[in-house]
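Me: I am new to this structure and would be grateful for a close look at a single part. Please describe the largest nonpolar core and its surroundings.

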Amino acid sequence: MNGLTGLPEEMRPRERLKREASADALSDEELLAVLLGHGVRGCDVLELAHRLRVALGAVWDNPEASIDWRSMVRYVDDYNQMHVDRPIRGFGNAKLLELAAAFALTRRMQRYWCENEWRSMNLRSSAAAAQVFERTVARRPEQETFFVLPMDSGFHPLCEPIAVTKGGVATVSVHPREVFCEAIRWRAHAVIVAHNHPSGDPTPSEQDIDLTDKLLAASKVVRIPVLDHLVLAGKDFISIRTLGLVSFA
């Protein structure tokens, strides 16, 4: 049994991929079915893809989830323990190795595209800088994290935003040395700093203003300007620079 028995030809993922103008027309499970090639005894390829999509949910939900084949074996084992009535069987490690390679290549390409897109952005605008930080914050929005973004003389990012310290759901403690250590390591011409408010309110606290003042004082010593301090909450943000409560001159 090849796992396609019972599936009309028009529903077979590879046939759909041939017909459609773009692979974007296929669902995640259909694309996964194309990678699988065929199902297993008692489970057609679409059903197998569905079960694997559930088992590998961590890979979809968390960009930092492990995607080596050993982790995938663990994901499948965990799934089978929780879904004894719809297990994933007859599925060897060789196929998990292929999937791990495909997922790793996709993630690597995505990071390459994002990195090059960021490198071309001029971050003199607070809105442009917020876009860069939002992508990184979105990975763990529930934890308040403080980031620094080193920039070159053209105000382009030298790297992704760097998480220098993490706090709980509402607090984060930062020392200027943690910020400027990264700035010096990247030989930054200037930096922008940012942190998120998991509460959903981007209004800066008194502690945020005080920290900004300390960072600006330290920046004069190391001669690496802090251009702005952004407070992010989802898609909203506030630029402390534009508030005028501290001098960025």
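Reply: A residue is called buried when its relative accessible area is under 20%, exposed when over 50%, and partly exposed in between, using a 1.4 Å probe and protein chains only. The model is predicted, so local features need pLDDT of at least 70 and side-chain atom pairs count only at pLDDT 80 or more, while totals for chains, interfaces and linings use all residues. Residues are numbered from 1 along each chain as its sequence is written, and side-chain values use heavy atoms, with hydrogens and water left out.

A nonpolar core is a set of buried Ala, Val, Leu, Ile, Met, Phe, Trp, Tyr and Cys residues joined through side-chain atoms within 4.5 Å. The largest one has 25 residues, and L52, M72 and L99 touch the most other members. Two or more residues each come from helix 2 (28–36), helix 3 (45–55), helix 5 (69–82) and helix 6 (93–119); helices are DSSP runs of H or I with at least four residues, numbered from the N terminus. Helix 3 provides the largest share, six residues.

Beyond its neighbours within four places in sequence, M72 is in contact (heavy atoms within 4.5 Å) with L56, I67, L96, L99, A100 and F103. Another core, of 24 residues, lies apart and includes C159, V174, V191 and I240.

Within helix 2, the residues E30, L32, A33, V34 and L36 are buried. Just after helix 2, G37 adopts a positive phi of about 90 degrees.
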